[in-house]
Amino acid sequence: MSKEVNNERLQKAKEIAENPSAYKVCEGCDSIVGEKSITCPNCHGYRFDASHTRVVDQAIYLGTRKQTSVTASDLV
């Protein structure tokens, strides 16, 4: 993974960790989604954990590891 991509992930993780009330974690796939999401755009799950601790922990975890999920930009 390039440093640029890694820095983008770290920056996004920092943004989420600084404002955890705007996000929640999907209990189906562990993705972080916006607080207003009704279903997860990745797995279509509908159960979420919106606790600040869980959101911050997941942001740190995802921001410091290599991306493993497929995104829409990967399919273009």
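A pocket here is an open set of grid points, on a 1 Å grid over the protein atoms alone, where a 1.4 Å probe fits and which has protein on both sides within 12 Å along at least five of seven lines. With that in mind, let's look at this predicted model.

## The largest pocket

The largest pocket has a volume of about 670 Å³. Its lining is made up of 24 residues, and those closest to the centre are R9, S31, I32, L62 and S69. Three elements, α1 (3–18), β2 (32–34) and α2 (52–63), each contribute at least two residues to this lining. Sorted by class, the lining holds 10 nonpolar, nine polar and five charged residues.

## R9, a charged residue at the pocket

R9 deserves its own look. This arginine sits in helix α1, and R9 is among the residues closest to the centre of the largest pocket. Is R9 buried or exposed, and which side chain of opposite charge is nearest? R9 is buried, and the nearest such side chain, E8, is 8.7 Å away. Because a salt bridge calls for a side-chain nitrogen of Lys or Arg within 4 Å of a carboxyl oxygen of Asp or Glu, R9 is left without one. What the side chain of R9 does reach is the backbone oxygen of L62, at 2.6 Å. L62 is likewise listed among the residues closest to the pocket centre.

## Salt bridges

Side chains of opposite charge can pair when their charged atoms come close. By the 4 Å rule, the model has four salt bridges, including the ones in this table.

| Salt bridge | Closest N to O distance |
|---|---|
| K12 and E15 | 3.0 Å |
| K14 and E18 | 3.9 Å |
| E27 and R47 | 3.7 Å |

Where do K12 and E15 lie relative to each other? Both are in helix α1, three residues apart, so about one helical turn separates them. K12 is partly exposed at 39% relative accessibility, and E15 is partly exposed at 38%.

K14 and E18 also belong to helix α1; they are four residues apart, about one turn of the helix. Here K14 is partly exposed at 47% relative accessibility, while E18, at 59%, counts as exposed.

The bridge between E27 and R47 links two loops. E27 lies in the loop between β1 (23–26) and β2, and R47 in the loop between β2 and β3 (48–49), so the pair ties together parts that are 20 residues apart in sequence. E27 is partly exposed, with 44% relative accessibility, and R47 is exposed, at 55%.

Note on methods: Residues are numbered from 1 along each chain as its sequence is written. This is a predicted model: local features need pLDDT of at least 70, side-chain atom pairs count only at pLDDT 80 or more; totals for chains, interfaces and linings use all residues. Side-chain values use heavy atoms; hydrogens and water are left out. On a 1 Å grid over the protein atoms alone, a cavity is a set of points where a 1.4 Å probe fits but cannot get out, and a pocket is an open set with protein on both sides within 12 Å along at least five of seven lines; lining residues have an atom within 4 Å of a point. Grid points are joined across faces, edges and corners, and a volume is the space filled by probe spheres set on the points. Ala, Val, Leu, Ile, Met, Phe, Trp, Tyr, Cys and Pro count as nonpolar, Asp, Glu, Lys and Arg as charged, and the others, Gly among them, as polar. Buried means under 20% relative accessible area, exposed over 50%, partly exposed in between (1.4 Å probe, protein chains only). Lys and Arg count as positive and Asp and Glu as negative; His and the chain ends are not counted. A polar contact is a pair of N or O atoms within 3.5 Å; within protein, one must be able to donate a hydrogen and the other to accept it, and residues adjacent in sequence count only if both atoms are side-chain atoms.
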